[in-house]
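Got your viewer open? Here is a short tour, with something to select at each stop.

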Amino acid sequence: MSHTYRDQLFSWMKNHVYRFSETPFRLASGLESQHYFNCKEVTLHPERLAIIADCFIEEIIPKLNVEFQAIGGLTLGADPIAYAISLAYGKRGKTIFPLVVRKESKGHGTGQQIEGFWKEVKSCLVVDDVITTGGSTLKAVKVLRDAGITVTNGICILDREEGGRENLEKEHVSMSSIFKKSEFF
């Protein structure tokens, strides 16, 4: 059997990212869970982040059958993934612009909520590290669409399987994940 990028990531996810506790963790969504995934353990580690980018480019994105000129999402979860994928595409001879969506408009300068070459792109693949209810990703989708950018698809490392994918589908965004929460227990 051939070894995939996903296989390597799964090992790192189990060893570094996934935590179980009898005392529930509070999640960004406000919900509580005994299962916690700190994806910063893979997205802020150079070797692991490079493998995440390769996994998305080689094993996930081709199945989407979608064209896009940019990749980005709500800061901070999306940022390292967007940068890594942009750089990995660059090494493959393709320009994909990374976009950073701020949680709120900048309070100074131009006051923009999107950073990067967003005025030069018409389509964006939205990205996040983890989706639970999809709130962060939906916020990014709204900001991108309000700027005139088409968003029809999204990717994430982990789908916690708590309604996020369905909430995004209601807004006509098809979400694909490398992993689902149920694979870890």
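Which residues does UniProt list for "binding site"? The unreviewed entry lists Thr 132 and Arg 160. Keep in mind as you click around that this is a predicted model.

**Stop 1: the annotated pair.** Select Thr 132 and Arg 160 together. They are spread over 29 residues of sequence, yet they cluster in space, with a largest C-alpha distance of 5.1 Å. Turn on the pocket surface if you have one: the lining of the largest pocket includes both Thr 132 and Arg 160.

**Stop 2: Thr 132.** Zoom in on the loop between strand E6 (124-131) and helix H5 (135-146), where Thr 132 is found. Is Thr 132 buried or exposed? Its relative accessible area is 10%, so Thr 132 counts as buried, the cut-off being under 20%. Now show its contacts, skipping neighbours within four places in sequence: you should get Leu 27, Ser 29, Leu 31, Arg 160, Glu 162, Gly 163 and Gly 164.

**Stop 3: Arg 160.** Next, go to the loop between strand E7 (153-159) and helix H6 (164-170), which holds Arg 160. With a relative accessible area of 2%, Arg 160 is buried. Leaving out residues up to four places away in sequence, Arg 160 touches a list of residues including Leu 27, Ser 33, His 35, Tyr 36, Phe 37 and Lys 181. Val 130, Ile 131 and Thr 132 are also among the residues that Arg 160 touches.

**Stop 4: strand E3.** Switch to cartoon and pick residues 70-74, which make up strand E3. Five of its five residues are buried. What joins E3 to strand E4 (residues 97-101)? Five bridges do, and the two strands run parallel. To see how the chain gets across, follow it from E3 through helix H4 (residues 79-91) to E4; this β-α-β crossover is right-handed. For a single pairing to look at, select Gly 73, which stands opposite Val 100 in E4.

E3 also runs parallel to E6, joined by three bridges. Here, click Ala 70: its bridge partner in E6 is Cys 124.

**Stop 5: the cysteines.** How many disulfides does the structure hold? Zero. Cys 124 is in no disulfide, and the nearest cysteine sulfur, that of Cys 156, is 15 Å away. Cys 124 is buried too, at a relative accessible area of 3%. Finally, select Cys 39: the nearest cysteine sulfur is again that of Cys 156, at 8.7 Å. Cys 39 has 1% relative accessibility and therefore counts as buried.

Terms used: Residues numbered from 1 in each chain as written. Predicted model: local features only at pLDDT ≥ 70, side-chain atom pairs only at ≥ 80, totals over all residues. Heavy atoms only, no water. UniProt positions renumbered as here; feature names shortened; annotations may be inferred. 1 Å grid on protein atoms, 1.4 Å probe; cavity = no way out; pocket = protein on both sides within 12 Å on 5 of 7 lines; lining within 4 Å. Helix = DSSP H or I, 4+ residues; strand = E, 2+ residues; numbered from the N terminus. Buried < 20%, exposed > 50% of the residue type's maximum accessible area, 1.4 Å probe, protein only. Contact = heavy atoms within 4.5 Å. Pairing = 2+ DSSP bridges. Right-handed = clockwise from strand over helix to strand, strands pointing away. Disulfide = S-S within 2.5 Å.
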